[in-house]
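This report covers the packing, the helices and the model confidence of the protein shown below. It goes through the interior before turning to single residues and rings.

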Amino acid sequence: MLQKLKKIDGVIVIVLIMLMCVSIFSIFSVTHGRELDGFHLRMLKYYILGFAVFVVLAFVDYRIFIKYALYLYLLGIGLLVLVSLFGQVHNGARGWVEIGGLSLQPAELFKLVLILFLSSVIARKQGSALTFWKGIVPLGLLTLIPFAIVIVQNDLGNALSYIVILLGLLWIGNIKFSHALIGLIIVGGLSLLFVFSYIHYHDQVVDFIVETTGRDHLIDRFDPWLVPDLATADASYHTRHAKLAIASGGMSGEGYMQGSSVQSNQVPYTYTDAIFVQIAEEFGFLGAALLLLLFFILIHRMILIALESKDHSGSFLIIGMVAMLLYQILENIGAFIGLMPLTGITLPFISYGGTSVLINMASMGIVMSVHLYGQDIEDELPRAMDYAVKVKGLKG
C-alpha cells in the first residue's frame with residue numbers, strides 16, 4: 001500500500017484541488033445573498049465525498065470493474081428504465097432520483113458504466129482490428145440502447161455523450177482506417193446536410209421535427225445556434241445574454257463578485273450550466289484561459305497514463321474518460337459562445353451538481369487505479385519467468 005501511495009500522480013491531485021477551489025468560489029459568487037445561498041457549502045460536501053470516492057477507487061484494482069462490467073451495464077440499463085418511468089422532472093427532463101437528500105441523475109452515472117463496459121468488450125479483442133459486423137455493429141447497438149432511453153428522458157446532452165464515448169473507444173480500439181474514413185464521411189455528410197437544410201429550409205425542417213418527435217423544445221435549441229435571427233426572444237435569451245456577459249469580461253474581467261450580468265441574474269443557471277459565463281465575465285479572457293489550461297493539464301496527464309499502461313483495458317478506460325470530459329468541456333463552453341447548440345450539459349468539476357462531481361471524481365479515481373496497477377502485468381512477468389526457470393532447474 002505504501003509503495004502504491006508513493007506512486008500517486010501528484011499533478012492530477014493538485015489540479016483536482018484547484019478545480020474544486022474554482023468551483024466553490026464561482027458558485028459562491030453567483031449564489032450569495034439569494035435563494036440559493038449556501039450552495040457553495042453543499043458543493044464542498046460533494047467534493048469531500050468525491051475525494052473519498054477518488055481515494056477508495058484509486059487503491060482498488062480497476063480490473064475488478066472490468067471483470068463485472070456486464071453486470072454493471074445491465075444494472076445501469078435497468079436503472080435508466082426505472083427512472084424514465086418514475087423519476088423526477090427537472091427543467092423538462094425526467095431523470096432524477098432522490099437518495100438521502102442527494103439528487104442523483106442515473107444518466108450521468110451511466111457514462112462511467114458505459115466506458116467500463118465498452119472497454120471490457122474491446123479489451124477481449126487483444127489488440128486485433130475491430131471488424132464491422134462483429135465489432136463495430138455490436139458496440140453501436142449496445143450504445144444505442146441507453147442512448148434511446150436517455151433521449152426519451154429528454155436529456156440530449158448526456159445521450160450525445162454516449163455516442164462520443166463510443167467513437168473515442170472505437171478509434172483507440174483499433175478500428176480499420178477504411179471503416180473510420182467511411183464513418184467520418186457519412187457522419188460529416190449527414191451533419192452538413194442537416195445544417196444546410198435547417199438554415200435554408202427552416203420552416204419545412206422545423207415542421208418535420210415537431211411532427212415526428214413532438215418536441216418543440218428542440219427548435220429552441222437549434223434556432224439560437226443555426227438561425228439566431230429567426231429564434232424567438234425566449235429561445236435566444238440564455239445564449240444572447242451569455243455572449244454579452246462573456247464579451248463584457250474583456251481581457252481581465254470585471255472583478256470577482258462584480259460581474260454586471262451574472263450578478264444581476266441576467267444569465268440563467270450561472271451556478272450550474274452557465275458557470276463558465278461567470279468565470280469569463282468576472283475574470284475575463286485570462287481567467288477563462290487559466291481554467292482551460294487546468295483542463296489541458298488534467299487531460300494531458302490522463303493520456304500519458306494511458307500510454308504508460310501495459311494493460312489494454314486500462315488504456316481503453318482512460319481514453320473513454322478523456323472523450324467524455326472533452327465532449328462536456330467543448331459542448332458546455334461552445335454553447336455559450338455560439339459554436340454548439342445548448343444541451344444543458346454541465347462543465348466538469350466546476351458546475352454545481354452532486355452526481356456530476358461524484359462521477360467525475362470516481363472517473364479520476366479509476367484513472368489513478370490504472371496508474372497504480374496498470375504496470376503490474378509487466379512487473380509480474382519477469383518474476384513469473386524467474387520462477388519458471390528455477391522450477392525447471394530443480395526438475396533438471
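In this predicted model, the largest nonpolar core has 97 residues, and Leu19 and Phe349 touch the most other members. The element that gives the most to this core is helix α14 (residues 275–308), with 14 residues. Another core, of nine residues, lies apart from it; Val205, Val206, Ile219 and Phe222 are among them. In soluble globular proteins, nonpolar side chains tend to be buried together.

**The loop between α15 and α16**

Phenylalanine 349 has its place in the loop between α15 and α16. Its relative accessibility is 1%, so phenylalanine 349 counts as buried. Beyond four places in sequence, phenylalanine 349 touches Leu16, Leu19, Ser23, Tyr47, Phe295, Leu298, Leu325, Asn360, Met361 and Met364. Its phi is near 70 degrees, a positive value in a residue other than glycine. Most residues other than glycine have a negative phi, and most peptide bonds are trans. Asparagine 154 also has a positive phi, near 75 degrees, and lies in the loop between α7 (132–152) and α8.

Isoleucine 350 is found in the loop between α15 and α16. With 0% relative accessibility, isoleucine 350 counts as buried. Leaving out residues up to four places away in sequence, the contacts of isoleucine 350 are Leu19, Val22, Ser23, Ile27, Met43, Ile275, Ile279, Leu291 and Phe295.

Tyrosine 352 belongs to an aromatic pair, and the structure holds 18 aromatic pairs. Which arrangement do the rings of tyrosine 46 and tyrosine 352 adopt? Their centres are 5.8 Å apart and their planes stand at 50 degrees, so the pair is tilted. The pair links distant parts of the chain, 306 residues apart: tyrosine 46 is in helix α3 (residues 39–58) and tyrosine 352 in the loop between α15 (312–336) and α16 (354–373). Tyrosine 46 has a relative accessible area of 14% and is buried, and tyrosine 352, at 12% relative accessibility, also counts as buried. Phe39, Tyr46, Tyr271 and Tyr352 form one aromatic cluster.

**Proline 224 and serine 161**

Proline 224 is in helix α11 (residues 217–226). The relative accessibility of proline 224 is 11%, under the 20% limit, so it counts as buried. Its contacts, not counting residues up to four places away in sequence, are Ile219, Ala231, Ala235, Ser236 and Thr239. Ile219 is also one of the residues of the nine-residue core.

Two C-alpha separations place proline 224 relative to other parts of the chain. Proline 224 and leucine 304 are 80 residues apart along the chain, and their C-alpha atoms are separated by 38 Å. From isoleucine 350, proline 224 is 126 residues apart in sequence and 25 Å apart in space, C-alpha to C-alpha.

Serine 161 lies in helix α8 (residues 156–172). At 0% relative accessibility, serine 161 counts as buried. Serine 161 touches Lys111 and Tyr327, not counting residues up to four places away in sequence.

**Helices α5 and α6**

The spans of these helices can be checked against a rise of 1.5 Å a residue, as the table shows.

| Helix | Number of residues | Expected span | End C-alpha atoms apart |
|---|---|---|---|
| α5 (residues 69–86) | 18 residues | 26 Å | 25 Å |
| α6 (residues 106–123) | 18 residues | 26 Å | 25 Å |

For α5 the end-to-end distance agrees with the expected span, and for α6 it also agrees.

Where do the buried residues of α5 lie around the axis? They are Ala69, Tyr73, Gly76, Ile77, Leu80 and Val83. These residues cover an arc of only 130 degrees around the axis, which puts them on the same side of α5. An α-helix has 3.6 residues a turn, so residues three or four places apart point the same way. On the other side of α5, Tyr71, Leu74, Leu75, Leu85 and Phe86 are exposed.

In α6, 17 of the 18 residues are buried, so α6 is largely enclosed by the rest of the structure.

**Confidence**

The protein has a mean pLDDT of 87, and 91% of its residues reach 70 or more. Among its elements, helix α2 (residues 10–31) has the highest mean pLDDT, 96, and helix α17 (residues 376–395) the lowest, 47. Over residues 379–392 pLDDT stays under 50, and the model has zero contacts beyond four places in sequence for them. Where pLDDT is low, the predicted coordinates should not be read in detail.

Note on methods: Residues numbered from 1 in each chain as written. Heavy atoms only, no water. Core = buried A, V, L, I, M, F, W, Y, C linked by side-chain atoms within 4.5 Å. Buried < 20%, exposed > 50% of the residue type's maximum accessible area, 1.4 Å probe, protein only. Helix = DSSP H or I, 4+ residues; strand = E, 2+ residues; numbered from the N terminus. Contact = heavy atoms within 4.5 Å. pLDDT = per-residue confidence, 0-100. Expected span 1.5 Å × (residues − 1). Arc of directions from axis to C-beta. Phe/Tyr/Trp six-rings, centres within 6.5 Å; stacked < 30°, edge-to-face > 60°.
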